[in-house]
Amino acid sequence: MSDALAIGVDVGATKIASALVARDGSVLAARQTETRVRDGGDALFARIAAQVNALASQANAPLAGVGVGAPGWVNPAQGVVLNAVNMNWENVALAQAIQTRLAVATSVYVQNDVKAAALGEWLFGAARGARDFFLLTIGSGLGSAAMANGALLDGAQFLASELGHLAIDPHGRLCNCGHSGCAETVLSGRGLIAETRAALARGIASQLRDAAALTTHEIIAAALQDDAAACAALQVMGEWLGIVIASGVAWLNPARVILGGGLGIAAYDVLMPIAQPEVMRRVLPGSDRDLMYARVQVTSSAVGAAALAFLAE
Ligand SMILES: [Zn+2]
């Protein structure tokens, strides 16, 4: 194992987080700034490079490289973001745009942010030692990434493991992608709010009266106090989570299933006791033997991105 360091950068629609990371995943220095998509690409690339340059100047060991996690559709082989709606990006050569602005000579690796997070869990977190696992991130949408036989699944067009758009209910709610009943319409903040509104509309007793201004934070807090409407909504969500996990188990026979994302982490203790029996009920006998469930351990997305550079060494 080399003693090299890596810099990880997570580019999100609202903030850019970066970190100087050691080979064991520990953070030696970290920076954060607003993304400000409206300022345009050049300003954004300059801000990313400035963060990387500042962190590189703090490094007291050789750099293995810079790993960048970006939202949307990414070609990691070319370091190009093919499409990222929230960033207004189409065919952006992100690796090159950053690299040309760096003060140090080092390689830049770009990957989809959820896939980068999965590699981070594999190197530093809940997937250590597993050759077969998948990660689900429940937040504003449903992200997923999978590893099989010790290799990340990229796909022919780098769109493998998009479980958020697994069609689970032909009569379900409309998804952002334009189709109905994608897993993301249920397993997301939007999905939880919609289920809670439906429970309130059915007249289920609840402390959550102002249905117009519901937040996922309030719903989870209410569920932890046994609020009937919040519990009903999370029950539906947990059952669907079990169905999606069972589908992933049927497809990949993973050793581990890892749950993350803001909502996935916050609601883990409510969702998993509902989802796990649903998985057991549905999967082929034997495929759940020694199957382990875990919450993500790498909570810094910048650390996950740094894994890209260490793995490219
Ligand atoms: Zn969809």
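How many salt bridges does the rule find across the interface of domain 1 and domain 2? In this predicted model, the rule finds zero salt bridges across that interface. The following paragraphs describe the two domains, the contact between them, the strand pairing and the charged pairs.

The protein is divided into domain 1, which comprises residues 5-122 together with 300-312, and domain 2, which comprises residues 129-295. Taken over C-alpha atoms, the centres of domain 1 and domain 2 are separated by 27 Å. Contact between the two involves eleven residues of domain 1 and 17 residues of domain 2. About 1300 Å² is buried between domain 1 and domain 2, and 71% of this area lies on carbon and sulfur atoms. Although salt bridges number zero across the interface, four residue pairs, with both residues at pLDDT 80 or more, are in polar contact between domain 1 and domain 2. On the side of domain 1 that touches domain 2, the elements that give two or more residues are strand E5 (73-75) and helix H3 (113-124). Helix H3 supplies the largest share of that side, six residues. By residue class, the side of domain 1 that touches domain 2 consists of eight nonpolar residues, two polar residues and one charged residue.

Strand pairing was examined next. Five strands form an open sheet with mixed pairing, in the order E11-E10-E9-E12-E13. The edges of this sheet are strand E11 (151-152) and strand E13 (292-295); each has a single partner strand, so one side of each is left without a neighbour in the sheet. Strand E9 (residues 133-138) and strand E12 (residues 256-260) run parallel and are joined by five bridges. Within E12, Val257 stands opposite Phe134.

Antiparallel pairing is found between strand E2 (residues 15-21) and strand E3 (residues 27-34), which are joined by seven bridges. Ser18 has Arg31 of E3 as its bridge partner. E2 and E3 form a hairpin, with five residues between the two strands. In the turn of this hairpin, Gly25 has a positive phi of about 90 degrees. Strands of a sheet pair through backbone hydrogen bonds, in either a parallel or an antiparallel manner.

The structure as a whole holds eight salt bridges. One salt bridge is formed by the side chains of Asp42 and Arg101, at an N to O distance of 3.3 Å. Asp42 lies in helix H1 (residues 41-58), whereas Arg101 lies in the loop between helix H2 (94-99) and strand E8 (108-112), so the pair ties together parts that are 59 residues apart in sequence. Side chains of opposite charge can pair when their charged atoms come close.

How values were computed
Residues are numbered from 1 along each chain as its sequence is written. This is a predicted model: local features need pLDDT of at least 70, side-chain atom pairs count only at pLDDT 80 or more; totals for chains, interfaces and linings use all residues. Side-chain values use heavy atoms; hydrogens and water are left out. Domain bounds come from an automatic or database domain assignment. Contact means heavy atoms within 4.5 Å. Buried area is the accessible area (1.4 Å probe) that two parts lose on being put together, summed over both. A salt bridge is a side-chain nitrogen of Lys or Arg within 4 Å of a carboxyl oxygen of Asp or Glu. A polar contact is a pair of N or O atoms within 3.5 Å; within protein, one must be able to donate a hydrogen and the other to accept it, and residues adjacent in sequence count only if both atoms are side-chain atoms. Helices (H or I, at least four residues) and strands (E, at least two) are DSSP runs, numbered from the N terminus. Ala, Val, Leu, Ile, Met, Phe, Trp, Tyr, Cys and Pro count as nonpolar, Asp, Glu, Lys and Arg as charged, and the others, Gly among them, as polar. Two strands pair if DSSP finds at least two bridges between them.
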